[in-house]
Amino acid sequence: MKARLAEASETPDSNAAARVDLYLQPGRVFVSAQAVTVRTILGSCVSVCLFDRELRAGGMNHYLLPNRIGSAATPTRFGPAALERLVAAMIEIGGRKSCMQAKVFGGARLLQPPGAAGASDLGSKNVALAFDVLAAERIPVVAHDVGGSRGRQLLFQTDDGAAFVRRL
């Protein structure tokens, strides 16, 4: 899957002073109808950013693994629970799936050299899960920056859906 940068710009807009800034820890989900810049750092993990065009609200998750292992205290560390919780939280604040669009980020191959055999690495499994769930939910993916061999810093603005990526 080829990567596509979400926005042409690499920095948030100049109205950033009015925004609340929040760092999203791995295994967490955040949604808001307020102006919040949500930041996170991704390696093989994936973040899905949802934005409701009519509500002008957005949210983001950060999951580590594509499948649940054991009985973790934080189920949103795993893709299925993190995606389900993100969609549900958007609906709880008044969003509608028919108005949502998604942006997907992360899924780097950090532990294998580029070009190494075995396409079933953790990052690509995380990415495939995101695309599969979003397709099943009928939420279009309008931008993505996935794969590769480098981590990413991600910033997502909940009130306008803008996303900014910096390769690490």
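**Exercise 1. The buried face of helix H2**

State which elements the buried residues of H2 pack against, and identify those residues.

*Solution.* In this predicted model, the buried residues of H2 pack against strand E4 (46–52), helix H1 (79–92), strand E6 (100–106) and strand E7 (141–146). The residues concerned are Gly123, Asn126, Val127, Leu129, Ala130, Phe131 and Leu134. To read such a list, recall that an α-helix has 3.6 residues a turn, so residues three or four places apart point the same way.

**Exercise 2. The length and ends of H2**

Determine what span helix H2 should have, and describe what is found at its ends.

*Solution.* Begin with the length. Helix H2 covers residues 122–136, which is 15 residues. The expected span is 1.5 Å times one less than the number of residues. For H2 this gives 21 Å, and because its end C-alpha atoms are 21 Å apart, the model agrees with the expectation.

Next, consider the N-terminal end. Asp121 caps it, with a side-chain oxygen 3.2 Å from the backbone nitrogen of Gly123.

Finally, look beyond the helix. H2 is followed by Arg138, which has a positive phi near 60 degrees.

**Exercise 3. The packing of H1 and H2**

Classify the arrangement of H1 and H2 from the angle at which they pack, and name the residues that make the contact.

*Solution.* Two packed helices are described by the angle between their axes and the distance between the axes. For H1 and H2 the angle is about 40 degrees and the axes are 10 Å apart. H1 is therefore oblique to H2. The relevant cut-off is that angles under 35 degrees count as roughly parallel. The crossing of the two helices is right-handed. On the H1 side, Gly79, Pro80 and Leu83 make the contact; on the H2 side, Leu129, Ala130 and Val133 do so. Two of these H2 residues, Leu129 and Ala130, are listed among the buried residues of the helix.

**Exercise 4. Positive phi at two arginines**

For Arg56 and Arg138, give the location of each and decide whether each is buried, partly exposed or exposed.

*Solution.* Take Arg56 to start with. Its phi is positive, about 55 degrees, although the residue is not a glycine. Arg56 belongs to the loop between E4 and strand E5 (57–61). Its relative accessibility is 42%, so Arg56 counts as partly exposed.

Turn now to Arg138. This residue, likewise other than glycine, has a positive phi near 60 degrees. Arg138 sits in the loop between H2 and E7. With 74% relative accessibility, Arg138 counts as exposed.

**Exercise 5. The surroundings of Arg39 and Leu24**

Locate Arg39 and Leu24, assign each to an accessibility class, and list their contacts beyond four places in sequence.

*Solution.* Arg39 is part of strand E3 (residues 36–42). A relative accessible area of 26% makes Arg39 partly exposed. Beyond its neighbours within four places in sequence, Arg39 is in contact with Asp21, Leu22, Tyr23, Leu24, Met60, Gln153, Leu154 and Leu155. With Asp21 there is a polar contact between the two side chains, at 2.5 Å. Arg39 can also be placed relative to Val165: the two lie 126 residues apart along the chain, and their C-alpha atoms are separated by 9.9 Å.

Leu24 is in the loop between strand E1 (20–23) and strand E2 (29–32). At 4% relative accessibility, Leu24 counts as buried. Setting aside residues up to four places away, Leu24 touches Val29, Phe30, Val38, Arg39, Thr40, Met60, Asn61 and His62. Met60 is thus in the contact list of Arg39 and in that of Leu24.

**Exercise 6. Two further loop residues**

Place Ile93 and Ser149 in the chain, and relate each to a residue distant in sequence.

*Solution.* Ile93 lies in the loop between H1 and E6. It is partly exposed, at a relative accessible area of 32%. Leu55 is 38 residues from Ile93 in sequence, with a C-alpha separation of 9.0 Å. Leu55 also appears among the residues that Ile93 touches, along with Val31, Ser32, Ala33 and Ala57.

Ser149 is located in the loop between E7 and strand E8 (152–157). Its relative accessibility of 39% makes Ser149 partly exposed. The C-alpha atoms of Ser149 and Ala108 are 5.2 Å apart, although 41 residues separate them along the chain.

**Exercise 7. The chain as a whole**

Describe the order of helices and strands, and state what share of residues is buried.

*Solution.* The chain contains two helices and nine strands, in the order β-β-β-β-β-α-β-α-β-β-β. Of its 168 residues, 46% are buried. Among contacts with a separation of 6 or more, 68% join residues 24 or more positions apart.

Key
Residues are numbered from 1 along each chain as its sequence is written. This is a predicted model: local features need pLDDT of at least 70, side-chain atom pairs count only at pLDDT 80 or more; totals for chains, interfaces and linings use all residues. Side-chain values use heavy atoms; hydrogens and water are left out. Helices (H or I, at least four residues) and strands (E, at least two) are DSSP runs, numbered from the N terminus. Buried means under 20% relative accessible area, exposed over 50%, partly exposed in between (1.4 Å probe, protein chains only). Contact means heavy atoms within 4.5 Å. A polar contact is a pair of N or O atoms within 3.5 Å; within protein, one must be able to donate a hydrogen and the other to accept it, and residues adjacent in sequence count only if both atoms are side-chain atoms. Axes are lines fitted to C-alpha atoms, for helices over the stretch in contact, and angles run from 0 to 180 degrees between N-to-C directions. Angles under 35 degrees count as roughly parallel, over 145 as roughly antiparallel, 65 to 115 as roughly perpendicular and the rest as oblique. A crossing is left-handed if the near helix is turned anticlockwise from the far one by less than a right angle, and right-handed if clockwise.
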